[in-house]
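Reader: I am new to this structure and would love a guided look. Could we go through it one question at a time?

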Amino acid sequence: RKNHTVVLKAIAQMKAEPIYEKLCYVVCGRGIMDADLKRLAKDLGVDDKVRFLGYRQDIAEICNASDLFMFMSFQEGLPVALMEAMATELTCVAAKNRGTDDLLEESRLRFKATDVDDLKDKLRMAMSGDCSEEVSRNKAHLQQFDLSNTLEAVKMLYYTEIHI
């Protein structure tokens with residue numbers, strides 16, 4: 001579901017490109033696919049470009065040390081990790097799905113989750129271009145999901161439902 005495979009394949013296909021030297025893909029979290037993903041990275045010859053960090057509690061620090069954020073899940077409801085990356089003003093490359101569409105509705109850095117070539121194009125764009133305008137737009141858009149705004153919307157929903 002988290003779709004790291006598409007990123008590993010994209011990185012492998014970019015070996016001959018100048019930006020390959022700049023790549024380091026960091027995977028935070030644990031799951032049943034850990035061993036399979038590590039094996040795939042090795043089989044594709046990109047294990048030197050991938051770091052599997054396991055469960056972390058220092059995501060803000062990792063985001064602050066990063067140049068961009070990849071969010072490649074096939075499906076998400078409300079992608080909190082993406083929201084955290086947007087809040088730290090990272091350039092965000094994300095798969096198109098219901099959750100990311102809501103957060104990154106105007107982003108030019110969304111890709112079809114199964115399309116390695118589309119992802120490579122978005123990675124090239126994110127790594128070689130100035131994305132500051134998009135980052136600012138994303139952070140501003142994120143404000144509508146602020147807890148105070150969300151609580152008010154929920155209150156209005158319940159108030160409306162109760163008084164119908």
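Author: Gladly, and one definition will help us: buried means under 20% relative accessible area, exposed means over 50%, and partly exposed lies in between. Please also keep in mind that this is a predicted model.

Reader: Is D58 buried, partly exposed or exposed?

Author: The relative accessibility of D58 is 24%. Partly exposed covers the range between 20% and 50%, so D58 counts as partly exposed.

Reader: Which residue does D58 meet in a salt bridge?

Author: Side chains of opposite charge can pair when their charged atoms come close. Here the N to O distance is 2.8 Å. The partner has a relative accessible area of 29% and is partly exposed. The residue that meets D58 is R56.

Reader: How far apart in sequence are the parts that E76 and K2 tie together?

Author: E76 and K2 form a salt bridge, with their closest N and O atoms 2.9 Å apart. E76 counts as buried at 10% relative accessibility, while K2 is partly exposed at 40%. Since E76 sits in the loop between β3 and α4 and K2 in the segment before α1, the pair ties together parts whose separation is 74 residues.

Reader: Which residue pairs with E89 in a salt bridge?

Author: E89 follows α4 and has a positive phi, near 65°. Its salt bridge spans 2.8 Å, N to O. The pair links distant parts of the chain, 50 residues apart, with E89 in the loop between α4 and β4 and the partner in helix α7. That partner is K139.

Reader: Why are the buried residues of α4 on the same side of the helix?

Author: In α4, which runs over residues 80-87, the buried residues are L82, M83, A85 and M86. What covers them includes α3, β3, β4, α5 and α7. They are on the same side of α4 because they cover an arc around the axis of only 160°.

Reader: Are the rings of F69 and F71 stacked or edge-to-face?

Author: A search of the whole structure finds one aromatic pair. The ring centres of F69 and F71 are 6.2 Å apart and their planes are at 20°. Planes under 30 degrees apart count as stacked, so the pair is stacked.

Reader: Which helix has the lowest mean pLDDT among the elements of the chain?

Author: Across the chain the mean pLDDT is 89, and 97% of the residues reach 70 or more. Among the elements, helix α2 has the highest mean, 97. The lowest mean, 73, belongs to helix α8.

How values were computed:
Residues are numbered from 1 along each chain as its sequence is written. This is a predicted model: local features need pLDDT of at least 70, side-chain atom pairs count only at pLDDT 80 or more; totals for chains, interfaces and linings use all residues. Side-chain values use heavy atoms; hydrogens and water are left out. Rings of Phe, Tyr and Trp (its six-membered ring) pair if their centres lie within 6.5 Å; planes under 30 degrees apart count as stacked, over 60 as edge-to-face and the rest as tilted. Buried means under 20% relative accessible area, exposed over 50%, partly exposed in between (1.4 Å probe, protein chains only). Helices (H or I, at least four residues) and strands (E, at least two) are DSSP runs, numbered from the N terminus. The arc is that of the directions from the helix axis to the C-beta atoms. Contact means heavy atoms within 4.5 Å. pLDDT is the predictor's confidence in each residue, from 0 to 100. A salt bridge is a side-chain nitrogen of Lys or Arg within 4 Å of a carboxyl oxygen of Asp or Glu.
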